[in-house]
Amino acid sequence: GNYDKAYSNLEKYLVINDSLNANQNIEAATEIEAKYQTEKKEQEIKFLSEVAQKQKYIYLSIVALLLTLGAFLFYGYRNKIKTAEKLNELNELKSRFFANISHEFRTPLTLIKSPVQSLQSEITNESQKSKLDLIDKNSNRMLDLVDQLLELSKLDSGKLQLILKEGNVATFLNSL
């Protein structure tokens with residue numbers, strides 16, 4: 001029957017209950033905050049793990065790309081070397097061909113030239129002598145051309161030495 005005391009106790013109860021509820025709310029908020037922070041950290045860890053995984057794939061892709069590029073460069077360089085070797089081989093074959101052809105022309109020309117020179121000394125007819133001179137002159141020209149072919153093959157093989165002579169260039173060019 002003591003209503004004042006009951007009311008006073010009820011007020012104390014409500015204050016204590018509010019205090020307890022506030023403490024429980026703070027603990028619940030702290031717990032929720034801790035869960036949130038934990039989830040946030042887990043998401044960051046998951047994100048960083050995915051980024052690390054993607055970086056690994058990117059690095060592997062770059063390495064594969066560099067290896068592929070290196071392989072293409074290597075094969076290109078090797079093909080270039082093979083091509084250069086084939087060109088050198090063809091150049092040597094060409095030089096040998098010209099040298100052989102030159103020798104093959106040289107022999108018949110000298111065999112033609114020798115009888116022509118002996119006939120020149122024996123014949124007295126000027127018409128025939130001028131024809132033999134023309135044959136001799138053209139055979140000399142052919143021999144000069146064959147000699148030039150031989151010199152070209154020597155030049156290609158690196159065996160031709162430069163012979164310097166003093167002379168009048170204008171006269172030389174006029175004679176050519």
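## Two aromatic neighbours

Let's start with Phe 74, which is partly exposed, as its relative accessibility is 47% (under 20% is buried, over 50% exposed and in between partly exposed, using a 1.4 Å probe and protein chains only). Its neighbour in the numbering, Tyr 75, also falls in the partly exposed group, at 44% relative accessible area.

Before going on, a word on the model: it is a predicted one, where local features need pLDDT of at least 70 and side-chain atom pairs pLDDT 80 or more, while totals for chains, interfaces and linings take in all residues. Numbering runs from 1 along each chain as its sequence is written, and side-chain values use heavy atoms, without hydrogens or water.

How many aromatic pairs does a search of the whole structure find? The search comes up with two (ring centres within 6.5 Å for Phe, Tyr and the six-membered ring of Trp; planes under 30 degrees apart are stacked, over 60 edge-to-face, the rest tilted). Phe 74 and Tyr 75 have ring centres 5.4 Å apart and planes at 65°, so this pair is edge-to-face.

## Along helix α1

Helix α1 covers residues 3-122 (helices are DSSP runs of H or I with at least four residues, numbered from the N terminus). Tyr 3 sits in α1 and is exposed, at 68% relative accessibility. From Tyr 3 to Ile 58 there are 55 residues in sequence, and their C-alpha atoms are 79 Å apart in space.

Glu 31 belongs to α1 too, and with 49% relative accessibility it is partly exposed. Go 25 residues along the chain between Glu 31 and Lys 56, and the C-alpha atoms turn out to be 37 Å apart.

## Where α1 meets α2

Now for the second helix, α2, which takes in residues 126-157. How do α1 and α2 cross? Their axes come within 8 Å and cross at roughly 160° (axes are lines fitted to C-alpha atoms over the stretch in contact, with angles from 0 to 180 degrees between N-to-C directions). The two helices are therefore roughly antiparallel, a label for angles over 145 degrees. The α1 and α2 crossing is left-handed, meaning the near helix is turned anticlockwise from the far one by less than a right angle. Sorted by class, the contact of α1 with α2 has 13 nonpolar, ten polar and eight charged residues.

## A buried aspartate

Asp 136 is found in helix α2. Is Asp 136 buried or exposed? With a relative accessible area of 13%, Asp 136 is buried. Setting aside neighbours within four places in sequence, Asp 136 is in contact with Lys 113, Val 116, Gln 117 and Gln 120 (heavy atoms within 4.5 Å).

How values were computed. Parallel < 35°, antiparallel > 145°, perpendicular 65-115°, else oblique. Nonpolar A, V, L, I, M, F, W, Y, C, P; charged D, E, K, R; others polar.
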